[in-house]
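Student: I would like a close look at one part of this model, namely how its strands pair into sheets. Please take your time and set that part in its surroundings.

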Amino acid sequence: MMASSGRYKGRMVVLRTDTVITPFNEHPRLSIFTDQTIEAWQHDTASKSKLELVKADSPEQAVELLAECKPTQFGVLILDRHFITPKILKDFIRVSKKSDSECLRLSLTRNASVEYTEPLQTLDKNGDRIAHDIYFFKNSRSVLPADGEWLSELRKLATWIDVPKKELVRNIPLPTIGERKATTMRYPVTTSVVVSIEHWVHILWLNQLSFGIRWVDLVLRQRPFWALFKAFSALSFNIENIMNRLVSRGSGCKIHPTAQISGSIIGSGVTIGPNVTIRNSYICPNAVIQDHAVILNSVIGEDALVLENTFLVSSTCYPESTVGNYKLQVSLIGRGAYVNAWAGFVDAKFVGSVNVSHKGELTSTNRSFLGSVVGHGAKVAAKVLIHPGREIPNETVIVMRPDEIVSVVPDDIEPNQPLVRHEGTLVPLGMEKS
Amino acid sequence: MRIIRSAQTIAPFGDLVCDLPFLDVSFEQFRRREVEQARVNSNDLCFASWAFASAPILEAFRRQTKPGNPSRLSLPAGHVSRSFQPLSSIKSQDEQLLFDIFIYADPNASLEELRQTCTPVCVETESKTNIRQLPRIGSGPSEVEYPIDGRLAVHLHHWVHLLWAIPCLVPRLLKNARNRVGRNVTIHPTAYLENAVIGDNTQIGAGCFISNSYIGPGSQLFDFTKVRHSVLGHGTHTLADASFSHVVSFGGATLSNLLLRDVILGRNCFVTTGVIFQDQSIDEPVHVLDAGKEVNTERMALGGCAGHGCVLGARAIIAPGRALPNRTTIVMRRAEGVHKISPEHTKMPVCWNEGTLTPAAEMLSEGGVDEFEDDRRLYSRDSNPQRYA
C-alpha cells in the first residue's frame with residue numbers, strides 16, 4: 001500500500017468480506033455489471049471521484065490505512081461487495097463534507113431504485129430510511145480505533161446522512177393472474193444506485209438497472225453533444241424515433257440493415273443478424289446475436305452467442321455464454337453456460353412471491369416474477385421446466401430423460417401406423433402400457 | 001455427358017439419387033443444367049451418379065485441364081470443401097479432395113478404372129463464404145463455413161449431404177439478382193425478402209422474412225414465417241410464426257414448427273408445433289446411421305431427417321442425427337393427454353397424471369419442496385366454489 005499522493009482528494013478503503021455468491025461459488029467482486037466486474041467498477045468509480053483505492057483484508061488494516069491519510073484528505077470505507085455509482089459517491093462526499101459530524105454513514109430514503117434491489121440485502125433500516133455499510137471519515141482523527149467488533153461499533157456510532165437522488169420511474173404493468181387487481185412494477189431510471197451484492201438476484205437486478213446507469217450516463221454526462229445532435233437528427237418529437245437514434249455503436253460492428261436497435265449500447269466487434277430487435281440493452285464486445293433474436297432490457301456478456309429466434313427479456317448473460325431459448329425472462333446465465341432452445345425457465349408464481357435459497361433457507365424475494373440462475377459452465381440441453389428462483393450449480397449438465405427422447409428409430413416401422421414414444425424408441429400406439 | 005449409373009438409393013427416402021428433388025427440378029436435371037451453363041462440351045464430361053459440381057467449378061476444371069488429357073476433378077482441401085466430406089466417397093490425397101467427376105475420359109471404362117487412370121487436376125477457384133457460429137460447447141468445431149456463391153462440389157450418398165448441399169445452391173438460381181420472384185405471386189408489403197427465390201403462384205403473408213432461401217411454386221407462407229438458408233419445395237404450407245433455419249423440405253409439407261433447424265423432410269410431411277428435432281450436441285459431434293453403422297458427421301449442429309409422408313404429432317422429441325422412415329406416424333402417448341377433467345379439480349392446482357388431472361401436491365414424494373402451499377391456501381379459502389365450476 002503506497003502512501004497517498006497529492007493528486008487524490010481522499011482515500012477509498014475497500015474492506016474484504018467473505019461473501020460467496022451461489023451457485024457460482026465466487027466472490028461478489030467477480031460478479032459482472034455490464035462489461036465489467038464489480039472490482040473493476042469500484043476502481044473506475046474511485047478514479048472518477050479522484051479517490052485512491054486501497055484494499056484492506058481486516059478492520060485493523062482498514063483503520064491503519066484510513067489513519068495514514070493526510071490531514072487534508074478524507075477517507076471512505078466500503079465493503080468489497082458494494083456496487084456504487086460515481087454519481088452517488090460524489091453526492092455522498094459532497095453532503096458529508098457539509099455536515100458537522102466526523103463519521104457519517106450513507107443512507108437513502110426509500111424510493112423505487114432502493115426498493116428494486118432491497119430484498120435479501122444486509123441493510124440497517126429505520127422507518128423510511130435504509131443505510132449501507134459505506135462510511136465517510138472527515139479526517140484521520142475521526143477513525144475509531146480497531147477492535148474485534150469494529151464494524152458493529154461503527155454502525156452504531158456513525159451518523160446517518162441522507163444522500164439526495166433523482167430518478168425517473170416507469171410503471172411497467174405486470175401480467176394479471178386470475179381475477180385479481182392489476183399490478184405494476186416500478187422500474188427506476190437513475191444513475192444513483194448502491195447495491196450490496198450478496199445473492200445472485202442482486203447481480204440480475206443490478207444489470208436490469210444498467211439502462212439507467214450506463215445509457216443515461218452516456219447520453220446526459222459523457223457524450224451530451226453527441227446525444228443532442230443524434231436527437232435532433234431524428235427530426236421528430238416522437239420519443240421512440242429519438243431513442244432509435246440514441247444508440248452507441250463500437251468499432252467493427254456488423255449490423256444487418258433490418259436490425260432494429262433503440263436506446264442501447266453496442267460494444268465493438270458485435271455481430272447482429274437480420275431482423276434482430278434490441279431495446280434498452282447493453283451488448284458487450286464481440287457478442288454474436290443471430291437472426292430474429294429479440295433482446296429487451298438485457299445485458300449480453302462479452303463473446304456471448306445468442307442463437308436464432310431467441311427471445312430475452314430482462315435477463316443477464318455472463319461472458320462466453322450461449323443462449324438459444326425461445327423465451328427467457330428475468331434469468332441469469334453464468335459464464336460459458338449453454339441454454340438450449342427448449343429449456344423452460346418458469347418465471348412467474350400464481351400466488352405469493354418467488355422464493356430463493358439464501359443462507360440455507362428458502363427466502364421470499366417479494367417478487368412474483370423471477371426466473372432462475374444457471375451456474376458457470378452448466379449446460380441445460382433438454383426440454384425441462386425449472387421452477388422460479390432455482391439455482392442450477394456450476395458445471396451441471398441437464399439432458400433429456402433417455403426414455404423421453406427418440407434416440408433409436410426401429411427398422412421395422414409399418415407405414416402409416418400410429419406410433420408413440422416409449423423408453424427411447426417408437427412403439428405402436430397401445431403397446432406403451434405393457 | 002456420361003453418367004455412371006448405380007442402384008444406390010438414399011435412406012430413408014428409398015429414391016435413386018437422380019430422382020430426388022433438387023430445388024426446382026430433379027437432381028438429374030439440375031446437374032444437366034449446370035453442365036449446359038458451364039460452357040463445357042457435355043460429351044467430354046463423365047459423372048458418377050452421386051457426383052455433383054456447379055457450373056463455375058466445371059468451367060474452371062475445363063479451363064485448367066489440357067484438352068484430351070483424361071483428368072479427374074480435385075479441389076484444394078479447405079474448410080468449405082472439407083465440410084461436405086464426412087460420410088461420402090470423396091477421397092483426400094495430398095491436401096486435395098478427389099471427386100468422381102472426369103473429363104476427356106475413356107467412355108467405356110468403369111468407375112474404378114477411371115479413378116485409377118485419370119490424373120487429378122486441382123481446380124483453384126475463389127469462393128465467397130459465410131461463417132455460421134455454433135455454441136462453443138463440446139469437442140467439435142464451433143463454426144461451420146459454407147459457400148454463398150453456389151460454387152460447390154459434393155458427393156450425395158446420405159441425407160446429410162442433401163441437407164448440407166441443397167441450400168448452398170440457391171445462388172445458382174439467383175444469378176446475381178437480389179431476389180427472383182415468379183409469376184402470380186402475392187407478397188404482403190411488410191414481408192422482407194433477401195437473396196430469395198420465390199416460385200410461381202406463391203402467397204407470402206405479413207411480416208414474413210425470407211433470406212437466402214428457395215420457396216417452391218404454389219407455396220403458402222402464413223404470417224410471420226421466417227425462412228433462413230432453407231429450401232421449401234413446391235406446395236409447402238407454413239403456419240403462423242413458423243421458423244426455419246438450414247432446413248430442406250421436398251415439398252407438399254405442412255409445417256408449424258416454432259423452430260426447425262438443420263432438418264431434412266421428405267415429400268408431404270406434416271409436423272406440428274410441439275415436435276422437436278434436437279439439433280445441437282453438447283459433448284461430441286453428432287453421429288448418424290450409415291449402412292447400419294454409427295458414423296461421425298464432424299458437426300456439432302445437426303437435426304434429423306423425416307422420410308416421405310411422415311406425420312409427426314404430439315410432443316415427439318427426436319435425438320440429433322436420427323432418420324425416421326417413410327410414412328412414420330407419431331402420436332401422443334395416451335397417458336400424457338388429459339382425457340378426463342372432473343369438477344373437483346377446479347379448487348386446487350392440478351397437473352396431468354396418467355391421462356387425468358391430479359392435485360400437484362399429491363405428486364410430490366416425501367421430503368419434496370411443496371411450492372404450491374400458498375396456492376392451496378388461497379384456493380381453499382375461496383368461498384364461491386361455483387366460480388370455477
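Tutor: Happy to! Helices and strands here are DSSP runs, at least four residues for a helix (H or I) and at least two for a strand (E), numbered from the N terminus. Counted this way, chain B has 7 helices and 41 strands. Please keep in mind that this is a predicted model. It scores ipTM 0.85 and pTM 0.89.

Let us begin with the sheet in chain B. Its 8 strands form an open sheet with parallel pairing, in the order S15-S18-S21-S24-S27-S30-S35-S38. Strand S15 (180-181) and strand S38 of chain B are the edge strands, each pairing on one side only. At the S15 end, S15(B) joins strand S18 (residues 197-198) of chain B in the parallel sense, over 2 bridges. Within that pair, B:Arg180 has B:Val197 in S18(B) as its bridge partner. As general background, the strands of a sheet pair through backbone hydrogen bonds, either parallel or antiparallel.

Now turn to chain A, where an open sheet of 8 strands, with parallel pairing, runs in the order S14-S17-S20-S23-S26-S29-S34-S37. Strand S14 (248-249) and strand S37 (391-392) of chain A stand at the edges with a single partner strand each, so one side of each has no neighbour in the sheet. Further in, strand S23 (residues 299-300) and strand S26 (residues 316-317) of chain A pair in the parallel sense, with 2 bridges between them. There A:Val299 sits opposite A:Thr316 in S26(A).

Strand pairing also links the chains. Strand S39 (residues 418-422) of chain A and S39(B) pair in the parallel sense over 2 bridges, and A:Leu419 stands opposite B:Ile330 in S39(B). The wider contact takes 41 residues from chain A and 38 residues from chain B. On the chain B side, the elements that give two or more residues include strand S17 (192-194), strand S20 (209-211), strand S38 (323-324), strand S39 (329-330) and helix H7 (373-381) of chain B. The largest share of that side, 3 residues, comes from H7(B). By residue type, the side of chain B that touches chain A divides into 19 nonpolar, 9 polar and 10 charged residues.

For the setting of the chain B strands, the C-alpha atoms of chain B fill a box of roughly 95 × 50 × 35 Å along the principal axes. Of its 389 residues, 44% count as buried. Among contacts in chain B with a separation of 6 or more, 43% are between residues 24 or more positions apart. The mean pLDDT of chain B is 88, with 93% of its residues at 70 or more. Residues 383-389 of chain B deserve some care, as pLDDT stays under 50 there and the model has 5 contacts for them beyond four places in sequence.

Strands also cover a helix in chain A. In helix H2 (residues 59-67) of chain A, A:Pro59, A:Ala62, A:Val63, A:Leu65 and A:Leu66 are buried. Down the axis of H2(A), these buried residues fall within an arc of 165°, so they line one face of the helix. Their cover includes strand S1 (10-15), strand S4 (51-56), strand S5 (74-79), strand S9 (129-137) and helix H5 (150-157) of chain A.

Definitions and conventions. Residues are numbered from 1 along each chain as its sequence is written. Chains are lettered from A and ligands numbered from 1 in the order in which they are written. This is a predicted model: local features need pLDDT of at least 70, side-chain atom pairs count only at pLDDT 80 or more; totals for chains, interfaces and linings use all residues. Two strands pair if DSSP finds at least two bridges between them. Two residues are in contact if their C-beta atoms, placed from the backbone, lie within 7 Å. Ala, Val, Leu, Ile, Met, Phe, Trp, Tyr, Cys and Pro count as nonpolar, Asp, Glu, Lys and Arg as charged, and the others, Gly among them, as polar. A residue is buried if 20 or more other C-beta atoms lie within 10 Å of its own, exposed if 12 or fewer, and partly exposed in between; C-beta atoms are placed from the backbone. The arc is that of the directions from the helix axis to the C-beta atoms. pLDDT is the predictor's confidence in each residue, from 0 to 100.
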